[in-house]
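Trainee: I am new to this structure. Can you take me through the terms used for it?
Mentor: Gladly. Take a look first.

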Amino acid sequence: MRLTRYFLPVLKENPAEAQIVSHRYMLRAGMIKQQAAGIYSWLPLGFKVLKRIEQIVHEEQIRAGHIPLLMPTLQPADLWRESGRYDDYGQEMLRIKDRHDRDMLYGPTNEEMITDIFRSHVSSYKELPLTLYHIQWKFRDEVRPRFGVMRGREFLMKDGYNFDVDREAALHAYNRHMVSYLRTYERMGLTAIPMRAASGPIGGDNTHEFLVLASTGESEVFYDDAVTGLKLGNREVDYDDRAQVKAICDEFTTLYARTDETHDEALFDAVPEARRKVGRGIEVGQIFYFGTKYSESMGATVVTADGSRVPVEMGSHGIGVSRLLGAIIEASHDDKGIIWPEGVTPFHAGIVNLKQGDAATDAACEAIYAALKAKGLDPLYDDRDERAGAKFATMDLIGLPWRVTVGPRGLANGKVELTSRRTGISEEMTAETAVDRIAQIYEGV
Ligand code: ATP
Ligand code: MG
């Protein structure tokens, strides 16, 4: 993309309404525009990152054997009357009437609808295990929408639902979700710690929240510092191997890590004092095992191997897709702007032309731009007729991890400069080497 042809409405001033850094940078970098409290338009740069995050979520869910579908945002109230949640949900639910005076609602979550789909089409244990998920907009009429996309009213969530014949199989589905979430967050450059959580209105006896440590997080967290060093990395996971998947979950949940809702002073005191940490975290996901809560009330049953009919065992598992943009920026920025991890960056590299209009410099930039695209990469070429300082400021603000700087002085020696946004370290090299380096960096991403 050429910057002169792009739509990147960068703000010079700090927007007064933004209280935290991620909200400030998302507005300043022209990623989002607020349309009403907690409701945003996703401008091109923000939309690009949102799509990259979605893509990673899809890839890791599919790797775990989970199946994508798409349910609507609007739901009939009658389904929620069956589970009893239409009355329980309260004012967070946006209730709507259609022209025939039928009660509808904008879905805050989809347990009822997915259970309805299941009961309409599945009746035998032979069709299990089954996990269906979608990535769809949700609406929750939050009392205090704030912090930009972090606590919106309309927000994008991945929500997945497992259906299993018995408790053991359902717990394996729970564990599968935990491992796939760990890999999902790691690919986004995040450390998200599974913490034992309290079950809310969804109910259930097994639930973990995934928290990204950040001083601006809304949850208070208590943890053994050693938990922050755990990494899944690139190890091979066979998602059908119950023992292997459980062993990984044990590895990540044995050390103390809890939110204030489940915090236990006595257990925490047993953590060696030097490793005992109290901090704040952003909830970027949650997994629940809740058994037959919905299948019983809504009549979702399967015939088992011995011919008896039982309510299906279920769980639901969510990732805050739009909130993740905020969480990633909170975890990865400096005073100049965002620093995107390679896994989610909107463009792979920026090209800065220091002397727009100079024939040799323009030609070198065009060649680099074409070469990066030929390697399957997506570069952003700042071809504006602007001072170098302004171009650098824009690149730093929007946070592309790699920048190629091209000017007449370097070109006289056959060199361009490759700069890492994260370390700020620049190296001189030929344009070909810079292109190869960038391509190599993204090979493993
Ligand atoms: P919270 O405690 O932050 O209100 P929740 O526990 O009610 O969230 P879940 O039902 O667990 O939310 O939804 C799954 C995920 O969706 C959450 O872990 C979070 O990342 C995201 N999410 C929930 N509410 C919002 C919101 N208002 N804005 C953006 N993301 C949200
Ligand atoms: Mg939650």
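Mentor: What follows is a set of questions about a predicted model.

Trainee: Why is aspartate 101 called exposed or buried, whichever applies?
Mentor: Exposed means over 50% relative accessible area. Aspartate 101 has 53%, so aspartate 101 is exposed. Its place is the loop between strand 5 (94-97) and strand 6 (103-106).

Trainee: What makes the phi of aspartate 101 worth a remark?
Mentor: Phi of aspartate 101 is near 70°. That is a positive value in a residue other than glycine.

Trainee: Which loop holds phenylalanine 147?
Mentor: Phenylalanine 147 is in the loop between strand 7 and strand 8 (154-164). Phenylalanine 147 also has a positive phi, about 60°, although it is not a glycine.

Trainee: How do you know whether phenylalanine 147 is buried or exposed?
Mentor: Buried means under 20%. Phenylalanine 147 has 11% relative accessibility, so phenylalanine 147 counts as buried.

Trainee: Where is the cis peptide bond?
Mentor: The cis bond runs from leucine 128 to proline 129, with omega near 0°. Proline 129 is found in the loop between helix 5 (111-121) and strand 7 (130-139).

Trainee: Now the helices. Why are helix 6 and helix 7 called oblique to each other?
Mentor: Helix 6 (residues 167-187) and helix 7 (residues 242-253) pack at about 60°, with their axes 9 Å apart. Angles under 35 degrees count as roughly parallel, over 145 as roughly antiparallel, and 65 to 115 as roughly perpendicular. The rest are oblique. The angle of about 60° is in none of those three ranges, so helix 6 and helix 7 are oblique.

Trainee: What is the handedness of the crossing?
Mentor: Helix 6 passes helix 7 in a left-handed crossing.

Trainee: Which residues meet there?
Mentor: From helix 6, they include Glu168, His172, Met178 and Leu182. From helix 7, they include Arg242, Val245, Ile248 and Phe252. The residues of this contact divide into eight nonpolar, three polar and four charged.

Trainee: What coordinates the magnesium ion (ligand 2)?
Mentor: Glu283 (OE) and Gln286 (OE1) do, at 1.9 to 2.2 Å.

Trainee: How do you know that these atoms count as donors?
Mentor: For magnesium, donors are N, O and S atoms within 2.8 Å of the metal. The distances here are 1.9 to 2.2 Å, so the atoms of Glu283 and Gln286 count.

Trainee: Why is glutamate 283 called partly exposed, and what is glutamine 286 called?
Mentor: Partly exposed lies between the 20% and 50% cut-offs. Glutamate 283 has 25%, so glutamate 283 counts as partly exposed. Glutamine 286 has 14%, under the 20% cut-off, so glutamine 286 is buried.

Note on methods:
Residues are numbered from 1 along each chain as its sequence is written. Chains are lettered from A and ligands numbered from 1 in the order in which they are written. This is a predicted model: local features need pLDDT of at least 70, side-chain atom pairs count only at pLDDT 80 or more; totals for chains, interfaces and linings use all residues. Side-chain values use heavy atoms; hydrogens and water are left out. Helices (H or I, at least four residues) and strands (E, at least two) are DSSP runs, numbered from the N terminus. Buried means under 20% relative accessible area, exposed over 50%, partly exposed in between (1.4 Å probe, protein chains only). Axes are lines fitted to C-alpha atoms, for helices over the stretch in contact, and angles run from 0 to 180 degrees between N-to-C directions. A crossing is left-handed if the near helix is turned anticlockwise from the far one by less than a right angle, and right-handed if clockwise. Contact means heavy atoms within 4.5 Å. Ala, Val, Leu, Ile, Met, Phe, Trp, Tyr, Cys and Pro count as nonpolar, Asp, Glu, Lys and Arg as charged, and the others, Gly among them, as polar. Donors are N, O and S atoms within 2.8 Å of the metal (3.2 Å for Na, K and Ca); water is not among the atoms, so sites may look incomplete.
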